[in-house]
Amino acid sequence: LRLDEVTDLTPGPRQILVRVAGASVNRADLSRRKGGYQGGAELALPFVPGTDVAGVIEAVGPNVRADEAAVGGRVVALLSDGGYAEYVATHVAAAQPVPDNLSLVEAAGIPVVFLTAWFGLLHPGQGALQPGQIVLVNSAGSGVGAAAIQIAKHAGARVIASAGSDWKLERARALGADEVINYSTE
């Protein structure tokens with residue numbers, strides 16, 4: 001990684017300009033830095049990593065409606081890349097408001113892990129989890145695992161979490177897991 005200066009961004013049509021307050025570091029970002037996880041396409045180098053950001057809207061581009069976004073609004077956004085920056089320009093549909101009870105840094109860790117878990121558990125074409133079902137969450141200590149525990153509990157499932165260390169399992173219980181399994185010892 002190297003620190004670099006880039007030209008100022010101007011939001012285009014249907015885009016917002018976000019001053020980044022926090023960016024996540026997830027598996028996709030780490031894999032891309034190692035040259036893997038291209039998401040089906042070859043990455044042009046150099047590139048700016050970072051798929052999840054949260055921050056404050058600094059400007060809105062043409063055709064962004066006032067009911068969609070406003071300067072000063074707190075948002076979290078899912079990007080294809082570019083989040084390890086002071087500012088990002090993104091399509092207004094890629095951003096969602098951040099509630100006041102959540103910090104921007106906390107919000108930055110939500111998009112990839114929670115969307116991945118949601119699709120696997122609740123999306124009708126994937127998991128379609130129903131209340132009362134039992135869910136086994138492997139790798140419960142990972143970001144996606146932690147999100148899956150919370151989503152499954154919210155959906156009314158009984159959650160069994162597995163991880164390779166007791167401290168990860170303690171965290172899984174704190175997030176709502178009903179039962180835990182240390183796959184290193186059990």
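**Pockets.** I looked up the largest pocket in this predicted model. Its volume is about 900 Å³. I then went through the 25 residues that line the largest pocket; closest to its centre are D4, V6, V48, Y84 and A85. I asked which element gives the most to this lining. It is β4, with 3 residues. By class, I have 16 nonpolar, 2 polar and 7 charged residues in the lining of the largest pocket.

Next, the second largest pocket. I note a volume of about 300 Å³. Its lining has 13 residues, and N26, R27, V113, G143 and V144 are the closest to its centre. Which elements give two or more residues to this lining? I find α1 (27-33), α3 and α4 (143-154). The lining of the second largest pocket divides into 7 nonpolar, 5 polar and 1 charged.

**Sheet.** I traced the strand order. The sheet is open, has 5 strands and runs β4-β1-β2-β3-β5, with antiparallel pairing. Why do β4 (87-91) and β5 (95-97) each have one side without a neighbour in the sheet? Both stand at the edges with a single partner strand each, so that side stays unpaired within the sheet. I also noted the turn between neighbouring strands: 45 degrees on average, direction ignored.

I checked one pair in detail. β1 (residues 15-23) and β2 (residues 52-60) are joined in the antiparallel sense over 7 bridges. Within β2, I57 is the bridge partner of V18.

**Helix on the sheet.** I looked at α3 (residues 111-121) last. Helix α3 packs on the sheet and touches β2 and β3 (74-78). Its direction makes about 60 degrees with that of β3. I had already met α3 in the lining of the second largest pocket.

Conventions:
Residues numbered from 1 in each chain as written. Predicted model: local features only at pLDDT ≥ 70, side-chain atom pairs only at ≥ 80, totals over all residues. Heavy atoms only, no water. Pairing = 2+ DSSP bridges. Helix = DSSP H or I, 4+ residues; strand = E, 2+ residues; numbered from the N terminus. Axes fitted to C-alpha atoms, helices over the stretch in contact; angles between N-to-C directions. Contact = heavy atoms within 4.5 Å. 1 Å grid on protein atoms, 1.4 Å probe; cavity = no way out; pocket = protein on both sides within 12 Å on 5 of 7 lines; lining within 4 Å. Points joined across faces, edges and corners; volume = space filled by probe spheres on them. Nonpolar A, V, L, I, M, F, W, Y, C, P; charged D, E, K, R; others polar.
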